[in-house]
Every structure is written in C-alpha cells, then in structure tokens.
Amino acid sequence: MPPSASRRALVLLLPSLLWLPTVLPVPIERVAANQPSPATESPDTGLYYHRYLQEVINVLETDGHFREKLQAANAEDIKSGKLSRELDFVSHHVRTKLDELKRQEVSRLRMLLKAKMDAKQEPNVQMDHLNLLKQFEHLDPQNQHTFEARDLELLIQTATRDLAQYDAAHHEEFKRYEMLKEHERRQYLESLGEEQRKEAEQKLEEQQRRHREHPKVNVPGSRAQLKEVWEELDGLDPNRFNPKTFFILHDINSDGVLDEQELEALFTKELEKVYDPKNEEDDMREMEEERLRMREHVMKNVDTNHDRLVTLEEFLASTQQKEFGDTGEGWETVEMHPAFTEEELRIFEEELAAREAELKAQAQRLSQETEALGRSQDQLVAQRRELQQAVLQMEQRKQQQQQQNQNLPPANPEGQLKFHPDTGATLAGSPDDVPVPAPAGDQKDVPAAEKKAPEQLLAAPQPDSLHL
C-alpha cells in the first residue's frame, strides 16, 4: 500500500519525526497544549512546534494539487523551498485552514511568552510581541494572520536544522552524564576509609569485567549483522540471505526507504548481547548511546546523499562494498571509547563546584529572607494583639458608659428638676412637685435644726424660678 502524501512529506522532510524519543532544547518551556492531538499517529519529535508542523502537513495533504507535487518532490525540492512556492496554487479552503493554524500558533506562543514573564515575576512588564516572536524561527513574525509560502519555507528549514542537531545534542548530554557519574564515583571513594575503598574498587572492577564479557558484537550494517537478523528475528534460512528481500521485509511502512527508526530496530539483537536491564553493571543510558552510534555508522556508509534515509538502491550498493563482508574484530562498544578526557572532567567539576556554590548562596539568601519574614510575622502578630486589646478596652469603656447612663434618674418631659422630699436633693420634676413650707404655727413639731427664720423663708426662691 503506497504511503499517503503526508507520510511521504514527513519521510522526505523530517525522517527523524518517526523516531526521536527525547526533547530538543527550546527557547521556552513546552506546555500540555503543545502535545500531539489524538489523531496524530507520528511520535512526538520533541520539537516545541511539533503539533503545528503536523497539522500544517495534514491540511496540505487535503489539497489535490499540492498532494501531487508533494508525491513527485524529492528531499532537495522540499528542503530548498521549491515546494513552498506551490502554496500559491492551493484552494482557498485550504489557505483559510492554514491561516487559522498560524493564528492559533501565534496565540499559543504569546501565551507561552506571558507565562515565561509571569514565572520571572514580571507581570507588569509591557511585552513587545513582535520582537519576542522573532526568537521562534518556524514562522514569519512580521505577518501574524495569514500563512504564506515564506511560512512553509521557514517551517521546513527550521525543522530540518533542529532535527539535524539532535545527534550532536544527544552526544553532549551523554558526555555530561558520564562525567557526572565519574565525579560522583570518585567523591564516594574519597569519603570511605582505606579498607572500605579497596572493597568498593574491587566491586567496581568486578562489575566492569562482567560487563565486558559478552558475545561478539557485529558491525552494524555488515553481512554478519544482517544475516543474524535474517535468521534469528525473521526466522529465515541464513544460506538463502537476499539483501533485496531483507530490505522489503524491514521497510515496515512500505514507503520505499528505511528511515532511522526502521534502521535502529535492526540493532536490537546486537544491543541485547551487551546490555541487560536486569544486570547492575549494565547502564541503559549507555545502551541508547550505543544505538545512536550504530545508526550513525550505517548512515555514514550507506546514506550517500545524506538525506537521513536509505533507499533500496543505496542499500544494495552498500552490500557490494568490501566492508560489508569484512568486519574484523567486530564492533567496538561505548566503554572502549571514553566519552571524555581528564581535562574535560576537570573543567566540568569546576563548573559543578561553581554551580553548587551559587546554589548554596541562594539557599543562604532564602534562609535569611525566611528568618526576616518570620520576624516580620511575629511583629505583625504582636501588633494585631495590641490592636485587639485596644478594641477590647474600648468596648469595655463603652459598656461601662452605657451602664452609667442607665443608672441616672429619668428627666421629666419639661426637663425640670425636683427636690427629693427626704434629702432635699434637686431632682427632675414639675413645679407642682416642689414642697411648700408649713405655716409658722405648724412648725412646733419641726426640729430646731430644721426651723427657718421668716426672713429666710422669704428669701427662698419661688417655685416658678426653679427651672434648669
């Protein structure tokens, strides 16, 4: 069954789209919205614009004219941008969909930029979206609304370049991994006593010895290696090995080429001779590096046009070379080729020490800030208690004032005072309530201390004058 146009585009344009397992470095962090849609069958390349790339190719496939041009194009036509000019002839419906895809991608990138700014605690910074979008090279930031031929050309060029850099990035990452492992091993040995150090060194030597004891590893792409796959994996007679039949059997998707994923599947048997996930001495990270080295070796010797694909013609031509049958001592594995030098390790350890010192300084600053915040919190708690106490005291005084007001005698409606008959105290009352002095003749029973002279009685204020 022939491959679809989108499949061919992915094979010619981005063969690594089918096998890359890890994430390439990107200018900003990826988010969940950038994951492939459920309908996408191709594995994630790790490119931060993978979904956009996949959707553009899927939309272009729906146009009959572009699909025909895509099927007839070769890798050079696609990479050079020649195919991009065919975008001017696609249908209006397809162009509308591509415009919408680009607007969605620009919106997504803006959201990522904003999230990056927020993460740096710069929420009030005014962003210049046009300049910031220039860091994303897979689209034209000058035109943020329509998908043009320039956008397709940039998308192809950027994806091709990024995927081509994957191998170098992977090797560098593996080197740093190996240096860190050696650094930690040496630190561990230095922390032990003399006897314990000897025991640990003996154990390490024993693990390395067991790891080196494995069957001969055939050179990838050699006759011996392919015949072993033919016999043990394909179950065919080794005496009837046929390179053309072998190629067809392992062209899993029948697209006429062996891509990098299909090639790496051929190395599984060789890798199993050296690496077993159950063994303590076998490092699975080294196994993935070994797989990459094997693929690079085959591509270097078989892929004559360097398009990261192996055609049937290239494959058959490689079987006619002298190296195809003469494999010498076999394949030299990773441990036979140190990933770093002592000088590189020294520089790495210096960088590591500087990084650790920086982290310690940051931790100290954070600790000091935490203590300062704790003291500030204690002060705030004390101030809150003082405020609460002051409010409580105000409430108590208010209640006492209310109680005093309730204990005062009530005033009459006219606001007048009246005298208490027993004590002579002035109380609120009406003029009729004021007692009238008894006649002089009736004062014989009044105590002498309470008797008043007539002139005193005349000088006493009259009832009409007893007003507040």
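A crossing of two helices is called left-handed if the near helix is turned anticlockwise from the far one by less than a right angle. Keep that in mind as you look around this predicted model, where helix 8 passes helix 14 in just such a left-handed crossing.

Let's start with that pair. The axes of helix 8 (residues 166–190) and helix 14 (residues 284–302) come within 11 Å and cross at roughly 145 degrees. On the helix 8 side, the residues in contact include Asp167, His170 and Lys181, and among their partners in helix 14 are Arg285, Leu292 and Glu296. Sorted by kind, the residues of this contact are three nonpolar, two polar and 11 charged.

Next, the cavities. The model has two of 30 Å³ or more, and the second largest holds about 80 Å³ of space. Among the residues lining the second largest cavity are Gln225, Leu226, Val298, Val302, Phe315 and Ser318. Helix 10 (223–233), helix 14 and helix 15 (312–318) are the elements that each give two or more residues to this lining.

Here is how the residues of the two places divide:

| Place | Nonpolar | Polar | Charged |
|---|---|---|---|
| Contact of helix 8 with helix 14 | three residues | two residues | 11 residues |
| Lining of the second largest cavity | eight residues | three residues | no residues |

Finally, visit threonine 311, which sits in strand 2 (residues 310–311). Which residues does threonine 311 touch, not counting those up to four places away in sequence? They are Phe247, Gly256 and Val257. Aspartate 255 is 56 residues from threonine 311 in sequence, and their C-alpha atoms are 9.6 Å apart in space.

Key. Residues are numbered from 1 along each chain as its sequence is written. This is a predicted model: local features need pLDDT of at least 70, side-chain atom pairs count only at pLDDT 80 or more; totals for chains, interfaces and linings use all residues. Side-chain values use heavy atoms; hydrogens and water are left out. Helices (H or I, at least four residues) and strands (E, at least two) are DSSP runs, numbered from the N terminus. Contact means heavy atoms within 4.5 Å. Axes are lines fitted to C-alpha atoms, for helices over the stretch in contact, and angles run from 0 to 180 degrees between N-to-C directions. Ala, Val, Leu, Ile, Met, Phe, Trp, Tyr, Cys and Pro count as nonpolar, Asp, Glu, Lys and Arg as charged, and the others, Gly among them, as polar. On a 1 Å grid over the protein atoms alone, a cavity is a set of points where a 1.4 Å probe fits but cannot get out, and a pocket is an open set with protein on both sides within 12 Å along at least five of seven lines; lining residues have an atom within 4 Å of a point. Grid points are joined across faces, edges and corners, and a volume is the space filled by probe spheres set on the points.
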